[in-house]
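Here's a quick walk through how the pieces of this chain pack together and where they leave room. Have the viewer open while you read.

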Amino acid sequence: GVQTCALPISFRQEIAYGWRYLQARPGLLGLMTFFAFRNLLIGFVSVLMTPLALSLTSADMLGKMLSISGAGMLVGSLATGVWGSKQKGRYISMLFGFTALAALCIILAGLRPSIVLLTMASFGFFFSWPIINVASQVIFQQKVASNVQGRVFSLRGAIATATLPLAYMIAGPLADS
């Protein structure tokens, strides 16, 4: 007969415990759901940004645009290190404020076909990224008991990133239609 490879019961129990822990804390569950949905939308943008840029400019300019975008992430990381630690108790505001900035950058990128506008929007989007991630991490570290952080954080990461492949599969056919 066919043998199945079952997960160890303890592993399933650990996942179930992490899920129950999040369900008992609606704010954390809502934040995790927010990030899963955000990652789905960002997955669409990440797949479609390169073809959009290449429809406007050369591969050489795309490389420059991506370098400038990466510099946005570096500047955002430095800003987080300098400014973020002074934000005690304001991490939710920081998280949603910079998520709004990232969303605005995505909207700006789609306003009109312009490589300059796309580059500026990408810089702003990637500037926001580390600030959002640090704020989220701090919130979860403060709100999740240290003895269950591993279970909760691994479940949070799995759920939040599981939406990316879904976005990658859907983006192409949607763009073609």
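Let's start with helix 2 and helix 4, whose axes come within 12 Å and cross at roughly 20 degrees. An angle under 35 degrees counts as roughly parallel, so helix 2 and helix 4 are roughly parallel to each other. Their crossing is left-handed. On the helix 2 side the contact uses Leu31, Phe34, Phe35 and Val45, and these meet Leu95, Phe96, Thr99 and Ile106 of helix 4. Sorted by class, that contact comes out as seven nonpolar residues, one polar and no charged ones.

Before going further, a word on what you're looking at: this is a predicted model. The chain holds six helices and zero strands, so reading from the N terminus you simply get α-α-α-α-α-α. Its C-alpha trace spans about 55 × 55 × 25 Å along the principal axes.

**Two more helix pairs**

Helix 2 (residues 26-56) also packs on helix 3 (residues 59-83), this time at an angle of about 130 degrees and with the axes 9 Å apart. That angle makes helix 2 oblique to helix 3. The crossing of this pair is right-handed. Who does the touching here? From helix 2 it's Met49, Thr50, Ala53 and Leu54, and from helix 3 it's Ala59, Leu62, Met65 and Leu66. The class count for the contact of helix 2 with helix 3 is seven nonpolar, one polar and no charged residues.

Further along the chain, helix 5 (residues 115-143) and helix 6 (residues 149-176) have axes that come within 11 Å and cross at roughly 145 degrees. Helix 5 passes helix 6 in a right-handed crossing. Ser136, Gln137, Phe140 and Gln141 make the contact from helix 5, while Gln149, Val152, Phe153 and Arg156 do so from helix 6. The contact of helix 5 with helix 6 divides into three nonpolar, four polar and one charged residues.

Here are the three pairs side by side:

| Helix pair | Axis distance | Angle | Handedness |
|---|---|---|---|
| Helix 2 and helix 4 | within 12 Å | roughly 20 degrees | left-handed |
| Helix 2 and helix 3 | 9 Å | about 130 degrees | right-handed |
| Helix 5 and helix 6 | within 11 Å | roughly 145 degrees | right-handed |

**One residue in helix 6**

Leu164 lies in helix 6. Which residues does Leu164 contact once its neighbours within four places in sequence are left aside? They are Asn39 and Gly43. As for spacing along the chain, Leu164 and Lys143 are 21 residues apart, and their C-alpha atoms are separated by 26 Å.

**The pockets**

Now for the empty space. Rolling a probe the size of a water molecule over the atoms is what shows where such space is left.

The largest pocket holds about 540 Å³ of space. Its lining takes in 31 residues, and those nearest its centre are Ile42, Val45, Ser46, Phe125 and Trp129. Which elements supply at least two residues each to that lining? Helix 2, helix 4 (91-109), helix 5 and helix 6 do. The largest share, eleven residues, comes from helix 2. In terms of chemistry, the lining of the largest pocket has 19 nonpolar, ten polar and two charged residues.

The second largest pocket has about 160 Å³ of space. Its lining is made of Phe34, Phe37, Arg38, Leu41, Ile42, Thr99, Ala102, Ala103, Ile106 and Phe125. Two elements give two or more residues to this lining, namely helix 2 and helix 4. Helix 2 gives the most here too, with five residues. By class, the lining of the second largest pocket has eight nonpolar, one polar and one charged residues.

If you want to see how these parts tie together, follow a few residues that turn up twice. Ile42 and Phe125 are among the residues nearest the centre of the largest pocket, and both also line the second largest pocket. Val45, another of those nearest the centre of the largest pocket, takes part in the meeting of helix 2 with helix 4. Phe34, Thr99 and Ile106 take part in that helix meeting as well, and they line the second largest pocket.

Methods
Residues are numbered from 1 along each chain as its sequence is written. This is a predicted model: local features need pLDDT of at least 70, side-chain atom pairs count only at pLDDT 80 or more; totals for chains, interfaces and linings use all residues. Side-chain values use heavy atoms; hydrogens and water are left out. Axes are lines fitted to C-alpha atoms, for helices over the stretch in contact, and angles run from 0 to 180 degrees between N-to-C directions. Helices (H or I, at least four residues) and strands (E, at least two) are DSSP runs, numbered from the N terminus. A crossing is left-handed if the near helix is turned anticlockwise from the far one by less than a right angle, and right-handed if clockwise. Contact means heavy atoms within 4.5 Å. Ala, Val, Leu, Ile, Met, Phe, Trp, Tyr, Cys and Pro count as nonpolar, Asp, Glu, Lys and Arg as charged, and the others, Gly among them, as polar. Angles under 35 degrees count as roughly parallel, over 145 as roughly antiparallel, 65 to 115 as roughly perpendicular and the rest as oblique. On a 1 Å grid over the protein atoms alone, a cavity is a set of points where a 1.4 Å probe fits but cannot get out, and a pocket is an open set with protein on both sides within 12 Å along at least five of seven lines; lining residues have an atom within 4 Å of a point. Grid points are joined across faces, edges and corners, and a volume is the space filled by probe spheres set on the points.
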